Amino acid sequence: MNKEDQEIIDRSESIAIKYLKETYDLDVTITERRMLPKMAMSRVTVYGYVTGNPEQNFTVSVNYETGKSERFSFSSELESFIESKGLNPFNQK
């Protein structure tokens with residue numbers, strides 16, 4: 001992987017972490033990051049779980065050209081946890 005791609009992946013991970021903290025007040029552990037081929041999409045998918053609760057897992061797709069989180073998918077355990085905080089996991093920013 002070249003330096004530019006690594007910087008894109010690192011920046012996308014930071015965006016995903018910030019999104020989850022600001023939107024759902026979650027502290028997370030990242031387990032994997034995947035960059036789609038640039039000719040297909042400008043997206044990095046970040047995988048992880050709520051720190052201390054590996055069953056509360058998620059994926060966040062970040063458009064690295066816009067710097068925005070575009071997709072958030074999650075386990076039923078994380079859905080229940082977010083709802084227990086009085087938040088709607090389907091009402092994303």
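Asp-27 is partly exposed in this predicted model, with a relative accessible area of 49%. Its salt-bridge partner is Lys-21, which also counts as partly exposed, at 35% relative accessibility. The closest N and O atoms of Asp-27 and Lys-21 are 3.0 Å apart.

The structure holds nine salt bridges. Side chains of opposite charge can pair when their charged atoms come close. Three of the bridges are listed below, with the N to O distance for each.

| Salt bridge | N to O distance |
|---|---|
| Asp-27 and Lys-21 | 3.0 Å |
| Arg-34 and Glu-32 | 2.6 Å |
| Glu-70 and Arg-43 | 2.5 Å |

Arg-34 is partly exposed, with a relative accessible area of 45%, and Glu-32 is partly exposed at 32%.

Glu-70 forms a salt bridge with Arg-43. Glu-70 belongs to strand β4 and Arg-43 to strand β2 (residues 43-50), so the pair ties together parts that are 27 residues apart in sequence. Glu-70 counts as partly exposed at 35% relative accessibility, whereas Arg-43 counts as buried at 11%. In addition, a network of salt bridges links Glu-4, Asp-5 and Lys-38.

Aromatic rings also pair in this structure, and the count comes to five aromatic pairs. In one of them, Tyr-19 and Phe-72 meet edge-to-face, 6.0 Å centre to centre and with 75 degrees between the planes. This pair links distant parts of the chain, 53 residues apart: Tyr-19 is in helix α1 (residues 3-24) and Phe-72 in strand β4 (residues 68-74). Both Tyr-19 and Phe-72 are buried. Together with Tyr-24, Phe-74 and Phe-90, Tyr-19 and Phe-72 form one aromatic cluster.

How values were computed
Residues numbered from 1 in each chain as written. Predicted model: local features only at pLDDT ≥ 70, side-chain atom pairs only at ≥ 80, totals over all residues. Heavy atoms only, no water. Phe/Tyr/Trp six-rings, centres within 6.5 Å; stacked < 30°, edge-to-face > 60°. Helix = DSSP H or I, 4+ residues; strand = E, 2+ residues; numbered from the N terminus. Buried < 20%, exposed > 50% of the residue type's maximum accessible area, 1.4 Å probe, protein only. Salt bridge = Lys/Arg side-chain N within 4 Å of Asp/Glu carboxyl O.
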